[in-house]
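Subject: Structure for you to look through

Hello,

I am passing on a structure that I would like you to read through with your own viewer open. My notes follow below it, in the order in which I would go through them.

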Amino acid sequence: MEKIVTQIKQVKQKTHFFYCDNCGTQLGCQTEYDDGYYKHIGEFELNWHTPNGWYKLHKCLCDTCRNEYLSKIHTLLETAGFTLDD
């Protein structure tokens with residue numbers, strides 16, 4: 001014999017909306033999985049070790065702002081005397 005019980009189930013769904021930290025443009029959204037994972041859109045992270053410790057940069061940037069940011073960093077490094085190692 002088989003008995004079927006039907007139940008109504010409510011599920012909370014989290015959607016993460018991503019915006020550029022620099023210009024505010026919406027980059028997109030991602031729905032969180034049941035285990036809490038979601039893909040970060042526009043994630044930009046740089047880490048630089050110095051004798052004084054680690055410098056860390058963590059931002060959410062669109063492609064245009066990321067390219068402008070990297071250009072500023074490259075200019076700053078070159079102005080400080082750094083050369084690009086090929």
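Which residue in strand 2 is the bridge partner of His-16? It is Gln-30, and before we go further please keep in mind that this is a predicted model, with all that follows being computed from it.

The strands at the start

Strand 1 covers residues 15-19 and strand 2 covers residues 26-31, and the two run antiparallel, joined by five bridges. Six residues lie between the strands in their hairpin, where Gly-24 takes a positive phi near 85°. Tyr-19 is found in strand 1, and with a relative accessibility of 42% it counts as partly exposed. Between the C-alpha atoms of Tyr-19 and Cys-29 there are 9.1 Å, while along the chain these residues are 10 apart.

In the segment before strand 1 you will find Lys-12, which is exposed, its relative accessible area being 83%. Lys-12 and Asp-34 are 22 residues apart in sequence, and from C-alpha to C-alpha they are 9.4 Å apart in space.

The second hairpin

Strand 3 (43-50) and strand 4 (53-60) also run antiparallel, and here eight bridges join them. The hairpin between strand 3 and strand 4 passes through two residues. If you would like to trace the pairing yourself, Glu-43 has Cys-60 as its bridge partner in strand 4, and Glu-45 has His-58. Glu-45, which lies in strand 3, is partly exposed at 47% relative accessibility. The C-alpha atom of Glu-45 is separated by 19 Å from that of Gln-30, although the two residues are 15 apart along the chain.

The helix

How far apart are the end C-alpha atoms of helix 1? They are 24 Å apart, which agrees with the 24 Å that its 17 residues should span at 1.5 Å a residue. The helix runs over residues 63-79, and the glycine that follows, Gly-81, has a positive phi, near 100°. When you look along the helix, it helps to remember that an α-helix has 3.6 residues a turn, so residues three or four places apart point the same way.

The cysteines

A disulfide is a covalent bond between the sulfur atoms of two cysteines. How many disulfides does the count come to? The count comes to zero, and Cys-20 is in none, the nearest cysteine sulfur being that of Cys-65, 3.7 Å away. Why is Cys-23 without a bond to its closest cysteine? The closest sulfur to that of Cys-23 is in Cys-20, and because the two are 3.7 Å apart they are too far for a bond, given that a disulfide needs the sulfur atoms to be within 2.5 Å. These two residues also have their own accessibility values, since Cys-20 is buried with a relative accessible area of 4%, whereas Cys-23 counts as partly exposed at 44%.

The largest pocket

Rolling a probe the size of a water molecule over the atoms shows where empty space is left. In the largest pocket, that space comes to about 360 Å³. Which elements each supply at least two residues of its lining? They are strand 3, strand 4 and helix 1, so please bring the second hairpin and the helix into view together when you look for the pocket. Among the lining residues are Leu-46, Trp-48, Tyr-55, Leu-57, Ile-73 and Phe-82, and they also include Asn-47 and Lys-56. By class, the lining has nine nonpolar residues, one polar residue and one charged residue.

Please go through these points against the structure, and write back with any questions.

With best wishes

Conventions:
Residues are numbered from 1 along each chain as its sequence is written. This is a predicted model: local features need pLDDT of at least 70, side-chain atom pairs count only at pLDDT 80 or more; totals for chains, interfaces and linings use all residues. Side-chain values use heavy atoms; hydrogens and water are left out. On a 1 Å grid over the protein atoms alone, a cavity is a set of points where a 1.4 Å probe fits but cannot get out, and a pocket is an open set with protein on both sides within 12 Å along at least five of seven lines; lining residues have an atom within 4 Å of a point. Grid points are joined across faces, edges and corners, and a volume is the space filled by probe spheres set on the points. Helices (H or I, at least four residues) and strands (E, at least two) are DSSP runs, numbered from the N terminus. Ala, Val, Leu, Ile, Met, Phe, Trp, Tyr, Cys and Pro count as nonpolar, Asp, Glu, Lys and Arg as charged, and the others, Gly among them, as polar. Buried means under 20% relative accessible area, exposed over 50%, partly exposed in between (1.4 Å probe, protein chains only). The expected span of a helix is 1.5 Å times one less than its number of residues. Two strands pair if DSSP finds at least two bridges between them.
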